[in-house]
Amino acid sequence: MMTSVDTDLIRVLADPLRLQIVTLLARETLCTTHLVEETGAKQTNLSNHLKVLREAGVVETEPCGRFTYYKLRADVIASLAGQFADLAEQARTAADNKRACP
C-alpha cells in the first residue's frame, strides 16, 4: 500500500506566515486585527494568506459583528498528521527492504 501525503496542503502550510497563523489559531480563535498584532504582517498581506488557508479548508470563518474570526479546522491538521504517521509506519516496516541494483 502506497501512502500519499496531501502535497497541496503541505504547500499551503510551508509558507512561514501561514504556518505562524495556523500555530496562533491552534491556541485560540482570532480576528484579523489580533492576527495583525501577533504576526506584525500588514493587513492586506495577512488577508491574502487567510484566503489561501480558507480555500485550502484549513481555517473557517465566523462573523461577529463587523469582525471576522478565524478558527483552525483541527480535523484537517489531524488528517495530515495521520498521513505522516502512516508514512512513518511504512518506513518502519520497510526498513530492511532493499532493492537490488541491476
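In this predicted model, strands S2 and S3 form a hairpin in which two residues lie between the strands. Gly-65, located in the turn, has a positive phi of about 65°. The two strands of the hairpin run antiparallel and are joined by six bridges. Within this pairing, Pro-63 stands opposite Thr-68 in S3.

The hairpin belongs to an open sheet of three strands, arranged in the order S1-S3-S2 with antiparallel pairing. Strand S1 (30-31) and strand S2 (59-64) are the edge strands, and each of them pairs on one side only. Helix H4, which spans residues 43-55, packs on the sheet and touches S2 and S3. The direction of helix H4 makes about 115° with that of S2. On the S1 side, two bridges join S1 to strand S3 (residues 67-72), and these strands also run antiparallel. Here Leu-30 stands opposite Tyr-70 in S3. In a regular strand, side chains alternate between the two faces of the sheet.

A further feature concerns the surface. Ile-10, Phe-84 and Leu-87 form a nonpolar patch there, and together these residues have about 230 Å² of accessible area. Of these residues, Ile-10 is found in helix H1, which comprises residues 7-14. Ile-10 has a relative accessibility of 31% and therefore counts as partly exposed, because this class lies between the limits of under 20% for buried and over 50% for exposed.

Key:
Residues numbered from 1 in each chain as written. Predicted model: local features only at pLDDT ≥ 70, side-chain atom pairs only at ≥ 80, totals over all residues. Heavy atoms only, no water. Pairing = 2+ DSSP bridges. Helix = DSSP H or I, 4+ residues; strand = E, 2+ residues; numbered from the N terminus. Contact = heavy atoms within 4.5 Å. Axes fitted to C-alpha atoms, helices over the stretch in contact; angles between N-to-C directions. Patch = residues over 30% accessible without salt bridge, like charges linked within 9 Å, V, L, I, M, F, W, Y side chains within 5 Å. Areas by Shrake-Rupley, 256 points an atom, 1.4 Å probe, with all protein chains shown as cover. Salt bridge = Lys/Arg side-chain N within 4 Å of Asp/Glu carboxyl O. Buried < 20%, exposed > 50% of the residue type's maximum accessible area, 1.4 Å probe, protein only.
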